[in-house]
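Trainee: I'd like to practise defending the words people use about a structure. Could you show me one and let me quiz you?

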Amino acid sequence: MERRGFLRASGAAGLGLALPACRPLQGLGIPVRVHQPGLVEGHRLRDGTPLPTPTRELRTGVAILGSGVAGLTAAWRLARDGHDDFLLLDGPEPDGNAAGGRFDSPSGPLLHPCGAHYLPLPSMESRGVRALLFELGVIKAEPFSEHPRFSETALVHAPDERLFFDGAWHEGLLPTEQVNAEEAGQHRRFLAEMADLTRRRGRDGLRLFCVPKALSSVDAEWRQLDALPFRDWLVARGYSAPSLHTWLDYVCRDEYGAGPEHVSAWAGLHYFAGRGGHAANAADGTVLTWPEGLAFLTRGLRARVPTARQQAGHALQVDETREGVRILCQDAAGAFLVHARRAICAMPLHVAARVVPHLRDYGFDPARHLPAQAPWLVANFLLDGFPAEPPDAPLAWDNVIHGSPGLGWVVSTHQWLRAAKPAHTVFTAYRALAGQAPAEARRQLLTLTGDELLELAAVDLKQAYGAFELWRRTRAVHITVRGHGMAIPGCGSLTNPGLTALQAADGRLLFAHADLSGYSVFEEASWWGERAARLAANS
Amino acid sequence: MHPPQNAAPPPAGNRLPDRLLILSVFIVASCGLAYELIAGALSSYLLGDSVLQFSSIIGCYLFAMGVGSHLSKYVDDRDVLARFIDIELLVGLIGGVSATLLFLLFAWMAAPFRTTLYALVFILGVLVGMEIPLVMRVLHSRQASFSELVSRVLTFDYLGALAVSLLFPLVLAPKLGLSRTGFLFGMANVAVALWTLWYYRHEIPRLRSRLTRGALVMAFLAGGLVVSEKLTHWAERGLFGDEVIFATTTPYQRIAVTRWKDDTRLHINGNLQFSSRDEHRYHEALVHPALQTLPWARSVLVLGGGDGLAVREVLRHAQVERVTLVDLDPAMTDLFTRNEYLSGLNGQALSNLRVTVINADAGQWLETHSEVFDLIIADFPDPSSFGLGKLYSVPMYRLMGKHLSARGVLVVQSTSPWFAPRSFWCIDATLREAGFHTHPYHAHVPSFGEWGFNLATRQPGYTPPTAYSVPTRYLDAETTRLMFQFPPDMQRLPVDPNHLNDQRLVHYFQQDWSNVVR
Ligand SMILES: Cc1cc2nc3c(=O)[nH]c(=O)nc-3n(C[C@H](O)[C@H](O)[C@H](O)COP(=O)(O)OP(=O)(O)OC[C@H]3O[C@@H](n4cnc5c(N)ncnc54)[C@H](O)[C@@H]3O)c2cc1C
């Protein structure tokens, strides 16, 4: 939909985006498409819209409600283990936060992420993720060894990161070379401390911090850090360097959607110490990425689920009956019922809170246990050629501006094996709306015009290239608004009894979603999906 | 362009001959547009990115014209005619020399080029912007009907613009070149000044000095017209050292061909690609050590090498039935197919019936096709950037491997083992990492210095040829034997292969060449 069409349609559909249309950019005629996956469906549930009467019925063994990473992983595991009595209900957004999109540029199709874009080298404990990567050819050999060999097309190509600091671009994201000796010393001390924590184990013999989070040590001494904001921990440890704080603020917003003052110290450290994966053919800390981001993985998962097991539509209400689970669903053709023996609830918890009326019976009280969720913007800019770059600091895959409210941008064509720069490319700019309370930010998002959204999303690109150069090259923009983008691992998240209860649930309903971990990454969603599939298959 | 409020009533009976009026306006308008087009064309030619260059030049010019027409109201009514003539002379002079001046400037001093360009465009725009309002005032003070005047002046203003906008791209720029076109239009402006001067000779103060000035400017521009060709060649020599016989900027690169006596050289983005004096050494070494050992080879793939010189050598081998050349830039392969002189260098190789020329990105082409070849020649530019480094990476060589028949051979131009030893040995290590057995060798190409190649095979065991079945000027048994030997000061270095995630080769290359004092 073109920008004007969108604004009209969104006004008409009551999406809430204010109509008084595009001021600054209208003259440039850049088509902007705004996508708000799940917003209409979610708000209908929230507003208690009367439930429709079903006109059809389906029967299945296991109903998987939601097709994000968790739901897809569950379906893939079931299919792989030879089960075919299951149904994967897509929900409003197939692939969820790991969805991808594409532009049809004049020089051909260009894929891009609409959410997740990279995967770190998986930890030893992320066996499910390793198995998936091996099956998709991303790990070439010995998937469960310390140092698996990864496909070079997926390992991020050099130059991978650069930082705009003090008016110039520098390699890497932490400006150690650019700050004074005292600050640089703190950088080094911090990294050394993180490297040490990566190796440390608790009294139970488990790693202190581990992805998946469920396999982390429960050593009480370290779990205390769940009660302390990350920033307070930093200050207490004598980390005062402004450049270090700015970087960590970026890291926390990038990973958790909120700054170090909102994130628990346990979560802050977990980011640095939780993975520790290695590769035979890349340095530690290298990441895996694809032009379409992690949609490469969701596509791979989906391709391994028979299409007959995939079902469009979303759940409106889930009830348990004597025989099993009854799910009222809706798709374009109307309402229908799904009868299943068991169901895997793979939708976000704020949706499950509406769809599963008896969620409290499982020990989760939405009013008390629902984690705060950070709103995100993912903006894809289709560009004519590439903006000019300084010769000594070429465009990297990830480009970040020190101290900016934005989270930089990644380049979708970076992994292409090409002799020349392609004629068109896509820059994907990220922004977590972390400046205010999440609910407040969501309310504001609803009142923004398309132009205002674009202004928010383009903040880094405009600073790096100037408005003239950016708009001159921009052919089209896709903005994905994720009002409930990810759970924020604030203080108390680790001990949240509601989450603990859902993690352990093993009734007619099983739960699988990154939200169960209290923070959102591919490996966590995958972990819960795999667990649910295992339990569902056993019954 | 509003009429002066205090214009004197037109003296009755003093009517300007219509034809002179029409011609002046027409010429003034043509010249105005011509300078704008020249500046736009020249800057896109020299700086690339034509859309940006053209639109910013036009923007600047139009704005300056607005300033000019605003300024024109400060010209006193009594001076209008004299000022008009002065301005014509000035426009003629500045506009006339603009193209040549910018060219010379670009050749010798890169830094102030943009500033000068826009300053020139602005000054010209201001002057040109004053012309039409002044003409109108001149005529208005002599002619009764204002509306008729406006319509007639504007008609010919726009007609003049139309004429030039068609003539410029179709005739003037291709036939005369930008420099001479500039001088020509400059002379036209001065001609307008001169005949206006003559027609109103009784009303103009200091007629004699103005006439002299006009004549001088005219003579200067005529002289410029004659020598401008020489001047621009001279300027390009400043850029390339030799006279440029062909130059173009494509979306991918800037191609320039220079000639000095019997030495023709190709430069891409300012880097020497070959010299016709010794390119046979490079291309014989690139092709024959491999192809001579493949009497059964039927198909050959050449990646890069749009100059067709490697293809020329391949075609000497009668056993080869098909040669596929994949080069990014159609301008490059067209040039070496169509240009009589340059296609002579490659013996019309690119028009040979055995040859298929494909203009595509080598990486994309290899990814999307499945043909298999008995010999692949990778003749890419040196790995001086992360983009080019990808062409020398493990995955790229694996990809090439998929297009190689079981006993096929891959040859890779591998930069200089003397000037860039780590880069050379890194390419060797990369090929081995990709599963090939490598057979590095080197040849002396005087215009490049010591140059290196890697011959890669799937199976071990390659023996360099001891005789050649095709005519060669450089290679013989002894030269070939020495090529595969590396003296003690060029021994293999322990370096890492070029993986995409760290691109060691690009770092090696930048360090190696920064150590070379040239
Ligand atoms: C902007 C952004 C960037 C990210 N970047 C990264 C990254 O680079 N690396 C990384 O590892 N992680 C990243 N993440 C996190 C990662 O994307 C998520 O952890 C992961 O995709 C979550 O998968 P999920 O299955 O748990 O949930 P979701 O993706 O939320 O999927 C939920 C599914 O439930 C469905 N659903 C919703 N309502 C209903 C209903 N009523 N009935 C049925 N189904 C329903 C939806 O259609 C969807 O398919 C990012 C997240 C965001 C928001």
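Mentor: Sure. This is a predicted model, and here's a place to begin: in chain B, β10(B) and β11(B) pair in the antiparallel sense over nine bridges.

Trainee: What makes β10(B) and β11(B) a pair?

Mentor: The rule asks for at least two bridges between two strands. β10(B) and β11(B) have nine bridges, so they count as paired. One bridge partner to look up is B:L455 in β11(B), which goes with B:H439. A hairpin of three residues joins β10(B) to β11(B).

Trainee: How do you know that β11(B) is mostly covered?

Mentor: Count the buried residues. Strand β11 covers residues 449-457 of chain B, and nine of its nine residues are buried. For each of those, buried means under 20% relative accessible area.

Trainee: Which pairing sense do β9(B) and β11(B) have?

Mentor: Antiparallel, over five bridges. In that pairing B:Q413 stands opposite B:F453 of β11(B).

Trainee: And what about β9(B) with β8(B), how do those two pair?

Mentor: In the parallel sense, again with five bridges, between residues 373-379 (β8) and residues 404-413 (β9) of chain B. There, B:I377 has B:V411 of β9(B) opposite.

Trainee: Why is the pairing in the seven-stranded sheet of chain B called mixed?

Mentor: Set two pairs side by side: β8 and β9 of chain B are parallel, while β9(B) and β11(B) are antiparallel. The strand order in this open sheet is β7-β6-β5-β8-β9-β11-β10.

Trainee: What makes β7 and β10 of chain B edge strands?

Mentor: Each has a single partner strand, so one side of each has no neighbour in the sheet; they are residues 355-359 and 437-445. From one strand to the next, the twist of this sheet averages 15°.

Trainee: Where do the side chains point in a regular strand?

Mentor: They alternate between the two faces of the sheet.

Trainee: Which strands make up the open sheet in chain A?

Mentor: Eight of them, in the order β1-β20-β16-β19-β18-β17-β9-β10, with mixed pairing. β1 (32-35) and β10 (168-171) of chain A are at the edges, because each has a single partner strand. Here the twist averages 20° between one strand and the next.

Trainee: How do you know that β18 and β19 of chain A are paired?

Mentor: Same test: at least two bridges are needed. β18 (residues 409-411) and β19 (residues 424-432) of chain A have three, in the antiparallel sense, so they pass. A:V410 is bridged to A:T428 in β19(A). While you're looking at this sheet, find helix α13 (residues 438-447) of chain A, which lies across β16 and β20 and runs at about 45° to β16(A).

Trainee: Why is B:S276 called buried?

Mentor: Its relative accessible area is 15%, and the cut-off is under 20%, so the word fits. You'll find B:S276 in the loop between β4 and α7 of chain B. B:S276 touches residues including B:D262 and B:L345.

Trainee: What makes the link from B:S276 to B:D262 a polar contact?

Mentor: A polar atom of the B:S276 side chain lies 3.3 Å from the backbone oxygen of B:D262. The limit is 3.5 Å, so that distance is within it.

Trainee: Is B:G224 buried or exposed?

Mentor: Buried: at 9% relative accessibility, B:G224 comes in under 20%. B:G224 sits in helix α6 (residues 207-240) of chain B.

Trainee: How many residues make the contact between the chains?

Mentor: 25 from chain B and 21 from chain A. The buried area is about 1800 Å², with carbon and sulfur atoms giving 55%. On the chain B side, B:K390, B:L500 and B:N501 supply 34% of the area buried, more than any other three residues.

Trainee: Which residues of chain A should make me careful about confidence?

Mentor: Residues 1-27, where pLDDT stays under 50. In chain B, residues 1-14 also stay under 50. Where pLDDT is low, the predicted coordinates should not be read in detail. Mean pLDDT is 93 for chain A and 87 for chain B. For the complex, the predictor gives an ipTM of 0.81 and a pTM of 0.79.

Technical notes:
Residues are numbered from 1 along each chain as its sequence is written. Chains are lettered from A and ligands numbered from 1 in the order in which they are written. This is a predicted model: local features need pLDDT of at least 70, side-chain atom pairs count only at pLDDT 80 or more; totals for chains, interfaces and linings use all residues. Side-chain values use heavy atoms; hydrogens and water are left out. Helices (H or I, at least four residues) and strands (E, at least two) are DSSP runs, numbered from the N terminus. Axes are lines fitted to C-alpha atoms, for helices over the stretch in contact, and angles run from 0 to 180 degrees between N-to-C directions. Contact means heavy atoms within 4.5 Å. pLDDT is the predictor's confidence in each residue, from 0 to 100. Buried means under 20% relative accessible area, exposed over 50%, partly exposed in between (1.4 Å probe, protein chains only). A polar contact is a pair of N or O atoms within 3.5 Å; within protein, one must be able to donate a hydrogen and the other to accept it, and residues adjacent in sequence count only if both atoms are side-chain atoms. Buried area is the accessible area (1.4 Å probe) that two parts lose on being put together, summed over both. Lists of a residue's contacts leave out its neighbours within four places in sequence.
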